[in-house]
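Student: I am new to this structure and would like a close look at one part, the loops, with the residues that stand out there. Please go slowly and explain each term as it comes up.

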Amino acid sequence: TPPWVLAEVPTFHEPARTIGARAPTEATFPIYGEPRFMARVTDLVRELGARYDGNPDLSEVRIATGLTTEDNPSVDGLKSAMPGFSDLLWVDYCRRMVALYQANFRSTRLEFDIGRIPWMMALGPDASAAAARAFLESLVQAHVMIAFNGLASDNAGMLRRDDGNTGPGQALRFLVGARREGDRVGLESGPLSQMQDLLAIADAVRLVSPDRLIFFADVP
């Protein structure tokens, strides 16, 4: 978030790790969903839609919510330093962001990268799990491409165990289900050099059968 926006909206502080950094540093974040912040985001998405909706060079536009444009409100695991944060607040914010992008990108396919939402489904409580599942089902109904940046060596095992006790397990199961419904899904991972078992990675990719597969490059 640009400093000039942070200067005019409510903020909070939390450790953050930029791509390639060896250690986290203290960073300033906007309070997600706060009206002044949402007004700025709305202006930005409207301008992006007016300029890029329907551009043939774009395969998808990601609905940006948290860190690195993913469903990720915090670098501190499932905790968050944001005042008043809750799972239900996060789901509501994500719904509002989806609606904003849908209103401004009517021709270009939209994508949503899941991360925090599947952990709500895995850990509950019931109200949070139900809200998270309903949100993901609304993405499928709207034919929003669903992606997961968590491809790892144990993914195939999670799918074979029908592992619903972890966020990655829930995410992978949902991707497989969306793929069976005929919707596009994506998988992303860190550099191949960091992978522990390339055959296991290949097995997970085969089971999910993603339409898009991304491996990030090594960072010097």
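Tutor: Helices (H or I, at least four residues) and strands (E, at least two) are DSSP runs numbered from the N terminus, and the loops discussed here are placed by naming the elements on either side. The model is a predicted one, in which local features need pLDDT of at least 70 and side-chain atom pairs count only at pLDDT 80 or more, while totals for chains, interfaces and linings use all residues. Residues are numbered from 1 along each chain as its sequence is written, and side-chain values use heavy atoms, with hydrogens and water left out.

Before turning to the loops, consider the confidence: pLDDT is the predictor's confidence in each residue, from 0 to 100, and for this chain its mean is 90, with 95% of the residues reaching 70 or more. Among the elements, the lowest mean pLDDT, 87, belongs to strand 1 (residues 11-16), and the highest, 97, to helix 2.

Let us begin with Phe-85, which sits in the loop between strand 3 (61-62) and helix 3 (87-104). Phe-85 counts as buried because its relative accessibility is 19%, where buried means under 20% relative accessible area, exposed over 50%, and partly exposed in between (1.4 Å probe, protein chains only). If its neighbours within four places in sequence are set aside, Phe-85 is in contact, meaning heavy atoms within 4.5 Å, with Pro-73, Ser-80, Trp-90 and Arg-116. Leu-175, by contrast, is 90 residues away along the chain, and its C-alpha atom is separated from that of Phe-85 by 27 Å.

Further along, Pro-125 lies in the loop between helix 4 (116-123) and helix 5 (126-141), and the peptide bond joining Gly-124 to Pro-125 is cis, with omega at about 0°.

The loop that runs from helix 5 to strand 5 (145-149) holds His-143, a residue that has a positive phi of about 60° although it is not a glycine. Ser-209, too, is not a glycine and has a positive phi, here about 55°, and its place is the loop between helix 8 (198-208) and strand 7 (212-215). With a relative accessibility of 35%, Ser-209 therefore counts as partly exposed, whereas Phe-85 counts as buried.
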